[in-house]
Amino acid sequence: MPRFGEGARAQGYPWLLPGRTVQNGIAADEARVGALTIRAASVVGPGHRCGQPAEPRQDSYRIGRSPDSRYAIVAVADGLSSAAWSDIGATAASSQAVTLLREQIEAVGFDRLDVKALYGRVAESIAAHAAGRGVGTSHLATVLITAVIAEPDANGVARAWVGWLGDSSAWTLDPRVPLWQFSAGEAKDRAAVVVSNEVAGRLPDTPHLAVDGYVTLAAGAALALVTDGIGDAWADRAGNVNEYFANAWRSPVPATRFTADVGFDAPQCLDDRTAVVVWNGSGT
């Protein structure tokens, strides 16, 4: 596990369990989809796992593919800490998003993906979960970022569609440049005296605020979808966290090492952290 500066005191505290049955504190995957290579990991943050009572991991991700393996599908959700059941909302959002994107690809094709329709239906699913528990929709509040990455063309270039609502973010990495570059998401104003964590858009209440766009990945380049537990650290130019991850993830690494990296230790980095990285190529 990489450590930056003096780290965070909470990182060394024992991991405690929440009072109810929740998802695992750590999740990880690795996969190949055609010419695309995927690594994914999610780790409950130090600030959530050492309190009394401990909180569940409020991040969730899902990865999938189209039936013909021409497209990789990714969804990363970050439940709001202020919402009592946000882990349930995040899990519902990521799972439903991958299922619905697979359906959209089959129905309308990659170039006509509809972010409003997608996030609207995901919102309906989360609202149904809230109704089933007899609580208001705000109790399951979550943000969501999604991506569909197409197989490379004849020149080795892969296009990716990215849709998002809230402060999770997408970053791209050119293997020749030792820095992850912000590409999509709700950018925070780090020039302000106080960096606000307030989220303007969220599910299931404001799906109409979702936006989307396309990015391109040259051969060997990578696209990362991350929650703000990682995105905030990458955006902070005062440290060398971004540079470390640009070098460590220049090419695919084993899922075990990827997960250890996601569990990094850095001052004031206490939130859950989740990353799904898709490389255009195997990196070998």
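# Briefing: cysteines, sheets, salt bridges and backbone oddities

Cys-269 has its closest cysteine sulfur in Cys-50, and at 14 Å that is too far for a bond. Keep in mind that this is a predicted model. Beyond the cysteines, there are two open sheets to look at, one of six strands and one of five strands, plus eight salt bridges and a few backbone spots worth a glance.

**Cysteines**

- A disulfide is a covalent bond between the sulfur atoms of two cysteines.
- Searching the whole structure for disulfides turns up zero.
- Seen from the other end, the sulfur of Cys-50 has Cys-269 as its closest cysteine partner, and the 14 Å between the sulfurs is too far for a bond.
- Cys-269 is buried, because its relative accessible area is 15% and the cut-off for buried is under 20%.

**The six-stranded sheet**

- Going across this open sheet, the strands come in the order S1-S2-S11-S10-S7-S8, and the pairing is antiparallel.
- Strands S1 (26–33) and S8 (181–185) sit at the edges with a single partner strand each, so one side of each has no neighbour in the sheet.
- On average, neighbouring strands here are turned by 15 degrees against each other, ignoring direction.
- Inside the sheet, S10 (residues 222–226) and S11 (residues 273–280) are joined in the antiparallel sense by five bridges.
- If you want a register check for that pair, Ala-222 has Trp-279 in S11 as its bridge partner.
- Helix H6 (residues 255–262) lies across S1, S2 (36–43) and S11, and runs at about 45 degrees to S2.

**The five-stranded sheet**

- This one is also open with antiparallel pairing, and its order reads S3-S4-S5-S6-S9.
- The edge places go to S3 and S9 (211–217); each has a single partner strand, so one side of each is left without a neighbour in the sheet.
- From one strand to the next, the twist averages 15 degrees.
- S5 and S6 pair over six bridges in the antiparallel sense, and Thr-146 has Gly-163 in S6 as its bridge partner.

**Thr-142, a residue in S5**

- Thr-142 belongs to strand S5 (residues 142–150).
- Buried or exposed: which is Thr-142? Thr-142 counts as buried, because its relative accessibility is 0%.
- The Thr-142 side chain also reaches the backbone oxygen of Asp-78, at 3.2 Å.
- Leaving aside residues up to four places away in sequence, Thr-142 touches a list of residues that includes Ala-77, Asp-78, Gly-79, Gly-89, Ile-126, Arg-202 and Leu-203.

**Salt bridges**

- The total for the structure is eight; three of them are picked out here.
- Glu-151 and Arg-70 meet through their side chains, with N to O at 3.0 Å. Glu-151 is in the loop between S5 and S6 (158–165) and Arg-70 is in the loop between S3 (59–65) and S4 (71–79), so the pair ties together parts 81 residues apart in sequence.
- Glu-151 is partly exposed at 37% relative accessibility, and Arg-70 is partly exposed with a relative accessible area of 37%.
- Arg-159 forms a salt bridge with Asp-111, and their closest N and O atoms are 2.8 Å apart. Arg-159 lies in strand S6 and Asp-111 in the loop between H2 (86–108) and H3 (115–133), so this pair ties together parts 48 residues apart in sequence.
- For that pair, Arg-159 is partly exposed at 33%, whereas Asp-111 is exposed at 56%.
- Arg-176 and Asp-174 meet side chain to side chain at 2.9 Å, N to O. Arg-176 counts as exposed at 71% relative accessibility, while Asp-174 counts as partly exposed at 27%.

**Backbone oddities**

- As background, most residues other than glycine have a negative phi, and most peptide bonds are trans.
- Which peptide bonds to check? The one from Gln-52 to Pro-53 is cis, with omega near 5 degrees, and Pro-53 is in the loop between H1 (46–49) and S3.
- The bond from Leu-203 to Pro-204 is cis too, with omega near 5 degrees; Pro-204 lies in the loop between S8 and S9.
- Ser-69 isn't a glycine, yet its phi is positive, near 60 degrees. Ser-69 sits in the loop between S3 and S4 and is partly exposed at 24%.
- Gln-268 has a positive phi of about 65 degrees and isn't a glycine either. Gln-268 is in the loop between H6 and S11, and at 78% relative accessibility Gln-268 counts as exposed.

Terms used:
Residues are numbered from 1 along each chain as its sequence is written. This is a predicted model: local features need pLDDT of at least 70, side-chain atom pairs count only at pLDDT 80 or more; totals for chains, interfaces and linings use all residues. Side-chain values use heavy atoms; hydrogens and water are left out. Helices (H or I, at least four residues) and strands (E, at least two) are DSSP runs, numbered from the N terminus. Buried means under 20% relative accessible area, exposed over 50%, partly exposed in between (1.4 Å probe, protein chains only). A polar contact is a pair of N or O atoms within 3.5 Å; within protein, one must be able to donate a hydrogen and the other to accept it, and residues adjacent in sequence count only if both atoms are side-chain atoms. Contact means heavy atoms within 4.5 Å. Two strands pair if DSSP finds at least two bridges between them. Axes are lines fitted to C-alpha atoms, for helices over the stretch in contact, and angles run from 0 to 180 degrees between N-to-C directions. A salt bridge is a side-chain nitrogen of Lys or Arg within 4 Å of a carboxyl oxygen of Asp or Glu. A disulfide is a pair of cysteine sulfur atoms within 2.5 Å.
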